[in-house]
Amino acid sequence: MRVALAAAVRDLPRAAGLAYEPKFDGHRLVVVRSAAEVSLQARSGRIVTSAFPDLATAALQLPAGTVLDGEVVVWHAGRTDFALVQRRAAATAARAAVLAQSLPASYAAFDVLELAGLDVRARPYERRRALLVDLLLPLGPPLQPVPMTTDPELAATWYETLPASGIEGLVVKRLDQAYPAGRRGWQKLRHTDVRDAAVVGYTGTPRRPLALVLVLPTGDETPLVSSPLTAALRREVAEAAAARGPAARGPAERGPAERGPAERGPAEPRATVTAIGLGEVPYHPLDPPLTAEVRHASARHPPPEVIRLRTDL
């Protein structure tokens, strides 16, 4: 199930026929309720049902043939906590059952894609929203529709006040819009200059990555080296890199610095990149790339700061 995406904007769009929703800081999750079971799908298409058994159980209340799009969050001390969602998502099946008791997940649903086996993605958002509310309000937590308003002034108030609850911004949709599967048909306004970047490699060693090699979403494909990683990020990158392995390229495509495992040790870098102030730096390519949230930077500014990995993709 290809999910809809959102393009970043710098200012709050104000026009007739727009809807505004809080942008929750969690993991994108598609809930699929078939006649026999519930499946939970990450944005990447990976099935993550075992990581969220509490949500899977709650979703059994949905009628067969229901597909929802939304965000899984974990509330802590009155606000959503992304680190706790990461912890839930990375848990083994056995550990997930324990965490479901101590760190229960909530599902912030913002769209319905199928209802009673009928594909409703072509219907206007305004109609899908009504179907979503009618479906979920009788059920209650942990399955809930996200708030929505068509009042730009109220949306502006949400934008200014909701960050204290862990809300990272707003998503803006057209009321007459069909579900834009696989396209950036929505708009998102974040509070910071944080954006997603492709992680095409890392410097250091597989056990101790030092920095990330990034391609920013600016249209310029030139890789950049990030600022040094924190200890927590080093551990996350090491685990994620181990799961992906080095980039797979044929011998004829590799230069002397990119020789394969038969020619170089598995812990040796296989490519180089130009880093600001450091010149040519060896690094380990990743295939497929990871995704990280970084603070905006350009070649004329300090290296990008890595905020966190997006392992929900």
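# Briefing on a predicted protein chain

The protein chain contains 6 helices and 17 strands. The structure is a predicted model, and the values below are computed from it. Of the chain's 313 residues, 47% count as buried. Among contacts in the chain with a separation of 6 or more, 65% are made by residues 24 or more positions apart. The points below treat a four-stranded sheet, the nonpolar cores, the cavities, a hairpin, and some individual residues of interest.

**An open sheet of 4 strands**

- Strands pair through backbone hydrogen bonds in a sheet, and the pairing may be parallel or antiparallel.
- In this chain, 4 strands form an open sheet in the order β1-β11-β10-β2, and the pairing is mixed.
- Two strands form the edges of this sheet, namely β1 (5–8) and β2 (18–23), and each of them pairs on one side only.
- On average, neighbouring strands of this sheet are turned by 35° against each other, with direction ignored.
- The edge strand β2 runs antiparallel to β10 (residues 169–174), and 6 bridges join the two.
- Within this part of the sheet, Pro 22 stands opposite Leu 170, a residue of β10.

**The nonpolar cores**

- Nonpolar side chains tend to be buried together in soluble globular proteins.
- The largest nonpolar core of this model has 33 residues, and the members that touch the most others are Leu 40 and Leu 68.
- Both strands and helices contribute to the largest core: at least two residues each come from β3 (27–33), β4 (38–42), α1 (53–59), β5 (66–76), α2 (82–89), α3 (93–102), β7 (105–115) and α4 (125–136).
- Strand β7 supplies the largest share of this core, with 5 residues.
- A further core of 18 residues lies apart from the largest one, and its members include Ala 240, Ala 292, Val 306 and Leu 309.
- Which residues are in contact with Leu 40, leaving aside its neighbours within four places in sequence? They are Leu 29, Val 30, Val 31, Arg 46, Ile 47, Val 48, Thr 49, Phe 52, Leu 55 and Ala 56.

**The cavities**

- The whole structure holds 2 cavities of 30 Å³ or more.
- The largest cavity encloses about 360 Å³ of space.
- This cavity is lined by 26 residues, of which Lys 23, Arg 28, Arg 43, Glu 71 and Lys 188 are the closest to its centre.
- Elements that give two or more residues to its lining are β1, β2, β10 and β11 (184–190). These are also the strands of the open sheet described above.
- Strand β11 provides the largest share of this lining, 4 residues.

**A hairpin**

- Strands β12 (residues 194–204) and β13 (residues 209–215) run antiparallel and are joined by 5 bridges.
- The hairpin from β12 to β13 passes through 4 residues.
- Tyr 202 has Leu 212, in β13, as its bridge partner.

**Ser 44, in a loop**

- Ser 44 is located in the loop between β4 and α1.
- Is Ser 44 buried or partly exposed? Ser 44 counts as partly exposed because its relative accessibility is 45%, and the partly exposed class lies between the limits of 20% for buried and 50% for exposed.
- Although Ser 44 and Arg 28 are 16 residues apart in sequence, their C-alpha atoms are 9.2 Å apart in space.

**Backbone features in loops**

- Pro 141 and Pro 142 are joined by a cis peptide bond, with omega at about 10°. Pro 142 belongs to the loop between α4 and β9 (143–145).
- Ala 77 is not a glycine, yet its phi is positive, at about 55°. This residue sits in the loop between β5 and β6 (79–80). Ala 77 counts as exposed because its relative accessibility is 73%, and the exposed class begins over 50%.
- Ala 116, another residue other than glycine, has a positive phi near 55°. Ala 116 is part of the loop between β7 and β8 (118–119). With a relative accessible area of 63%, Ala 116 is exposed.

Note on methods
Residues numbered from 1 in each chain as written. Predicted model: local features only at pLDDT ≥ 70, side-chain atom pairs only at ≥ 80, totals over all residues. Heavy atoms only, no water. Pairing = 2+ DSSP bridges. Axes fitted to C-alpha atoms, helices over the stretch in contact; angles between N-to-C directions. Core = buried A, V, L, I, M, F, W, Y, C linked by side-chain atoms within 4.5 Å. Buried < 20%, exposed > 50% of the residue type's maximum accessible area, 1.4 Å probe, protein only. Contact = heavy atoms within 4.5 Å. 1 Å grid on protein atoms, 1.4 Å probe; cavity = no way out; pocket = protein on both sides within 12 Å on 5 of 7 lines; lining within 4 Å. Points joined across faces, edges and corners; volume = space filled by probe spheres on them.
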